[in-house]
Each structure stands twice: as structure tokens, then as C-alpha cells.
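Please look at the sequence and the three-dimensional structure below before reading the briefing that follows. The points are grouped by topic.

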Amino acid sequence: MKEEKIEVRKSKIDNLGVFAKRNIKKGEVILKFEGEIWSRKKVDKLESKNKELFEIFDKYSLQVDKDLFLFSKKIDDIDNFVNHSCNPNSYVYIKSPKEVFLIALRNVKKNEEITFDYSTTMYNDRWTSKCKCKSKICRKVIREFKYLPTKIKNKYYKKNILPKFILEQFFN
Ligand SMILES: [Zn+2]
């Protein structure tokens, strides 16, 4: 199912990325994130015990609740290649921690790279990275939701694309 819609190709943002193989309509499911659920406790343990696996975790996990992460260890899983953009064309929809989907935020043209804003699912005070998305509104650094400018927080709020654990934390 995934393969007819998207594929991994060389990306200008970061080495490899996920690209549309055909036009994708706004609201369409692009992919389902795969992996196992890890608790924050388990992650903290890993950090002190196994640096190597922890680095992989840091790169390929997705926060899906306040203290839960979806981690796909199979590095070649296509969902591990979706790059961040400060001006994304998709977003993460968390129906439940095991049912997590990437949805088109607008119409996506064939051959466009698929991106989402990593900050919209981050509430863990740990991870930052330089941003190379090259969009006109690039924030230069990827940090968690709480550091986003209010204007951008509100933009995502209005689009109604923020996960519940972010809404509960920041929009009470
Ligand atoms: Zn950027």
C-alpha cells in the first residue's frame, strides 16, 4: 500500500527523504508509523546502559504521548526517513499510541518531499538539531514544542493538527 504512494529518495534536506510517487490529496493518509511502544522509564534506562541503541532511538523514535514513544528499530522502515520541515506538508495524527499516521496537510504534488514539523510532537526536553529545511520560514533549529514562537504554536493549533498530549500541556 505504502509503496505505490511514496518512496525513499535522495533528499536536499538530509541525505535521504520520503517522496510522493503520485499526487496526494489533503487529508489523505500517507503512511502508518510502525514500531514498539517504549515508556519514558525504559528510554531513560537505555540512555545509561546502551549508548549505541540509544542513539538509534533518538533518531528514529516518535513521541506519541506524554511518556510514550513509538520506536521502530528496523532502520529501513520508510517512516524513519521522513524529514523535518519548518513549513511542512504533512502532520502526525495520533489516534492511539499504536495507531499513528502521517496525514497530508495540503495537496502534495508528485515528486515533492514529504515532511512534518518535528516540534509538533516533541515534549521531552532533550533533543535539538540544526534545521536544514531551507524553507523561507526556517527556524534554523529544531526544538520541542514549548520553544516555538507563539505565532507558530497558534498556527498549528488553528489547523487542529496537534496531538492531545501537546494540547493538554499548552492549550488549557
Ligand atoms: Zn527549518
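In this predicted model, strands S5 and S6 form a hairpin, with two residues lying between them. The two strands, S5 at residues 61-65 and S6 at residues 68-71, run antiparallel and are joined by four bridges. Within this pairing, Leu62 has Leu70 of S6 as its bridge partner.

**The hairpin and its sheet**

- Four of the five residues of S5 are buried, each having at least 20 other C-beta atoms within 10 Å of its own, and so the strand is largely enclosed by the rest of the structure.
- The hairpin belongs to an open sheet of three strands, which are arranged in the order S4-S6-S5 with antiparallel pairing.
- The edge strands of this sheet are S4, covering residues 36-39, and S5, and each of them pairs on one side only.
- On average, and with direction ignored, neighbouring strands of this sheet are turned by 35° against each other.
- S4 pairs with S6 in the antiparallel sense over four bridges, and in this pairing Ile37 stands opposite Leu70 of S6.
- As a general background to such pairings, the strands of a sheet pair through backbone hydrogen bonds, in either a parallel or an antiparallel way.

**The nonpolar core**

- The largest nonpolar core has 35 residues, and those with the most contacts inside it are Ile6, Leu62, Leu70, Val92, Val100, Leu102 and Ile114.
- At least two residues of this core are supplied by each of S2, S3, S5, S6, S8, S9 and S10.
- Which residues is Leu62 in contact with, leaving aside its neighbours within four places in sequence? They are Phe33, Phe69, Leu70, Val92, Val100 and Thr121.
- In soluble globular proteins, nonpolar side chains tend to be buried together.

**Other strand pairings**

- S8, at residues 90-96, and S9, at residues 99-104, are joined in a hairpin through two residues, and they pair in the antiparallel sense over six bridges.
- In the pairing of S8 with S9, the bridge partner of Tyr93 is Phe101 of S9.
- S3, at residues 29-32, also runs antiparallel to S9 and is joined to S9 by three bridges, with Lys32 standing opposite Phe101.
- A further open sheet is made of four strands in the order S1-S2-S10-S7, and its pairing is mixed.
- The edge strands of this four-stranded sheet are S1, at residues 6-10, and S7, at residues 83-84, each of which pairs on one side only.
- Inside the four-stranded sheet, S2 and S10 run antiparallel and are joined by two bridges, and Phe19 has Glu113 of S10 as its bridge partner.

**Helices**

- Helix H2, at residues 40-49, lies across S4 and S6 and runs at about 80° to S4.
- H2 also packs with helix H3, at residues 51-60, at an angle of about 135°, and the axes of the two helices are 7 Å apart.
- The contact between these helices is made by Val43, Leu46 and Glu47 of H2 together with Leu53, Phe54 and Phe57 of H3.
- H2 and H3 are therefore oblique to each other, and their crossing is left-handed.
- How many of the ten residues of H4 are buried? The count is zero, and H4 is hardly covered.
- H4 is followed by Asn160, whose phi is positive, near 60°.

**Two residues in loops**

- Trp127 is found in the loop between S10 and strand S11, the latter at residues 129-130.
- Is Trp127 buried or partly exposed? Trp127 is partly exposed, because 14 other C-beta atoms lie within 10 Å, whereas a buried residue would need 20 or more.
- Not counting residues up to four places away in sequence, Trp127 touches Asp58 and Met122.
- Trp127 and Ala20 are 107 residues apart along the chain, and their C-alpha atoms are separated by 28 Å.
- Tyr147 has its place in the loop between strand S12, at residues 141-142, and helix H4, at residues 150-159.
- Tyr147 counts as partly exposed, with 14 C-beta neighbours inside 10 Å.
- Tyr147 and Ser119 are 28 residues apart along the chain, and the separation of their C-alpha atoms is 8.6 Å.

Note on methods
Residues numbered from 1 in each chain as written. Predicted model: local features only at pLDDT ≥ 70, side-chain atom pairs only at ≥ 80, totals over all residues. Buried ≥ 20, exposed ≤ 12 C-beta atoms within 10 Å, placed from the backbone. Pairing = 2+ DSSP bridges. Core = buried A, V, L, I, M, F, W, Y, C linked by C-beta atoms within 7 Å. Contact = placed C-beta atoms within 7 Å. Axes fitted to C-alpha atoms, helices over the stretch in contact; angles between N-to-C directions. Parallel < 35°, antiparallel > 145°, perpendicular 65-115°, else oblique. Left-handed = near helix turned anticlockwise from the far one by under 90°.
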